[in-house]
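Please look at the sequence and the 3D structure shown here. A short report comes after them.

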Amino acid sequence: MSGTASWRVRGGQLLVVSALALAWEFAARSGLADPDILPPLSKVCAILWRLLHDADFLADVRITGFEVLLAFAIVVPLGLAAGFLLGESQRLERAFGGPLQLLMSVPKSVFLPVFVLIFGIGIAQKVIFAIVLAFFIVVPTGLAAVHSVPHGLVVAARAFGATRAQIYGRIYLPAMAPLIVGGIRLGLIFVVHGVVFAEMYGSTGGIGRSILGWGEAFQMDYLLSAVLLVLGATVALNETIQAVETRLRTRNGVAP
Amino acid sequence: MSQGSDVVVARDVTKSFATATGTFVALDRVSLTVPDHKFVSIVGPSGCGKSTLMQIIGGLTAATTGEVTVDGLRITEPRPDQIGIVFQDPLLLPWKSARDNVEFPLALRGEPKEKRRARARELLAMVGLSDFADSFPHQLSGGMRQRVAIARGLVRHPRLLLMDEPFAALDEQTRTRMWSELLQIWSASRATVLFVTHSLVEAVYLADEVLVMAAKPGRIIERLAVDLPRPRSLDMLGSPALGALRNRIWHLIAEPQP
Amino acid sequence: MTRWGRNILIGFALLALWELLYRAGALNPLLFGSPSLVLAAALKDGGTFLAAFRVTGEEILLAMAIAWVGGILVGVAIGASPLPALIFAPILSGVIALPLVVLYPVLVAWLGIGMVSKIAYGAAGGFFPVALAALIGIRAIDPRYAEMARAIGASSLQIVVQVKMRLALPAIVSGLKVGTSLVIISVIQSEMLSATDGLGFWISYHRALFNTGQVYLGIILVLVTAAVANILLSTLERKFGRARVLAQAAG
């Protein structure tokens, strides 16, 4: 898209977000909405600022962050590796492709109670649940990444006498890069989702548990500030990784 | 409407666009008339604006200045009762049968089922596809699909049939066969036809009159009468008369024009 | 042996293995249950679970209806012009990436702990993928079809409904598939978090009491729900889906 047109799009998006923020603020302040149920955005932001300097809240943030990082660090290499293996071997793909599809379509959240039964409500069940949730998304991405390498390139490279290492490093990796980054992004999203849900369901710490607690205590201002933090952080992460993904895609000459 | 009057009258039609580098004039004061029941073809190089002219006459695009009337009616929007249009791609709806595609303009107008069926049957017979009424577009060949499109174009009894390079995507043999088909359909339907093409032979073989256009800016540079006898037959394709006309057009297009 | 026959045989074999391991004491019954425990749970609490199944089913269906209709209307409306489409497509796909589950307590505070908050949350989950798919679907269609429809006298409404939406149907249907699966996941999650009824609620309830048979009974019912929805939507996809239309267009 041309430079001049894209600023209109960006401007439009900024407009939409600002309009929503203004609507929220106006609705709460004007009495359109009960300010106990929907505190104004400004008040929520002020509370968020306070929370970010509160030791207990920061402790929760650290717990959640740690769980997300741990699950992410495990599931992404594991999932991508499994995906690559399936992509490389037609036999394995045929054997495991079906069960993989099946497990993908299952609502895995329903198994969280079993994880809690087995592991209790400590950190383990949350991390393991997040890993399971993200695994079945990352594996197909790894598989797709392998399949996305244009076979013609590999054949040409071999004809030119490239070694195995060169083919992997110079052809496979750059070709698969956008999809790998895509897998990383999806893995992160599903890990965040898994951790937050598991914290809300059964946990002794973490932002999710605080969110649920504030909701039950009807403390809407604290609840909404934590919600804003989680959603804002996820948007920031998602957009950043997506920018990298798009750049890799255009570099490869693939349509975004 | 008395016989011999003009169905299409275009007066000083101009189409220009503002672009980053200035004004681009696609059509510069184009005027033409198309007499009733005649077959007129428009031929010219790429970029001469012949498709734009077709769009303006069909009411799909507005002219910047100038006016077009069809059957005395000023054209500023599509007029499906007066004008039928056949595009280069048949653009048949893939989920509808041939019959349903032909009926579609009538269905949009809310005509009762029996009337629609009868009219569609009539037109499918005219284009020689009675046996394929229930077939779907993906089951028909390119030529057959275009014939369905022609039937659809004629379904509302329009005075004028506009055809914008309808055979350009067909292979040569199918194309030649379609010429004979089209001439038969034309004489059966008695519509007036305005036919845009970039094939010189096609322009001459089908028409009573050929309008030759040039580009930059788009304009009509010559009006040639085709005095080949009707009905046309395919062996005329090799005749010196057709060859001479073709050469004349070629020179007009190839040489720089004032 | 057909593929279905083979799958059913494998299913039975796994069930038998599960029961065997339980009887042999190899698996902790508290954690892993067994087919016999599930059967016992069904006999004891079958009524409650069937009622819960109905509640969950109702929530899912209502949420689906809102998400499907709302998503298609909004997606088609936005997709009608290029600039709004470009502005909103990334916003919609951005929202899909969010852990919307954090909004559920807000909905409970506003709408209560009953079915309404779950239907709302489920509908929110399903709305965005449906809207995005409808938007992309409408944008991707060949604009010449709309021009042809104008030429034959179709009104703007007729063009959108009879031509554009029908052409975008394969994309819309794939969006419906994703949307529905998100609705089901959202409804179940919400029932597990704050509820008074529904399969998610009863699964959690029995987990706290270590009634493993009931827990697995509930899980099985949820899986059945998901499977049924999957089958229905796959049929829909086969009827209107991409492959069929491509085959028709290619000819």
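The report below covers a sheet in one chain and then two contacts between chains.

This is a predicted model: local features need pLDDT of at least 70, side-chain atom pairs count only at pLDDT 80 or more, and totals for chains, interfaces and linings use all residues. Residues are numbered from 1 along each chain as its sequence is written, while chains are lettered from A and ligands numbered from 1 in the order in which they are written.

**The sheet in chain B**

Helices (H or I, at least four residues) and strands (E, at least two) are DSSP runs, numbered from the N terminus. Two strands pair if DSSP finds at least two bridges between them. In chain B, four strands make an open sheet with antiparallel pairing, in the order S2-S1-S4-S5. Its edge strands, S2 (22-35) and S5 (73-74) of chain B, each pair on one side only. Helix H1 (residues 50-57) of chain B packs on this sheet and touches S1, S2 and strand S4 (65-70) of chain B. The direction of this helix makes about 120° with that of S1(B); axes are lines fitted to C-alpha atoms, for helices over the stretch in contact, and angles run from 0 to 180 degrees between N-to-C directions.

Strand S1 (residues 6-19) of chain B runs antiparallel to S2(B), and ten bridges join the two. S1(B) and S2(B) form a hairpin, with two residues between them. B:Ser16 has B:Val25 in S2(B) as its bridge partner, and B:Phe17 stands opposite B:Phe24 in S2(B).

**Contacts between chains**

Two residues are in contact if their C-beta atoms, placed from the backbone, lie within 7 Å. Chain A gives 37 residues and chain C gives 35 residues to one contact. On the side of chain A that touches chain C, H10(A) supplies the largest share, nine residues. The other contact takes 18 residues from chain C and 20 residues from chain B. Here H7(C) brings the largest share of the side of chain C, six residues.

The table sorts two sides by class: Ala, Val, Leu, Ile, Met, Phe, Trp, Tyr, Cys and Pro count as nonpolar, Asp, Glu, Lys and Arg as charged, and the others, Gly among them, as polar.

| Side | Nonpolar | Polar | Charged |
|---|---|---|---|
| Chain A, touching chain C | 28 residues | eight residues | one residue |
| Chain C, touching chain B | ten residues | four residues | four residues |
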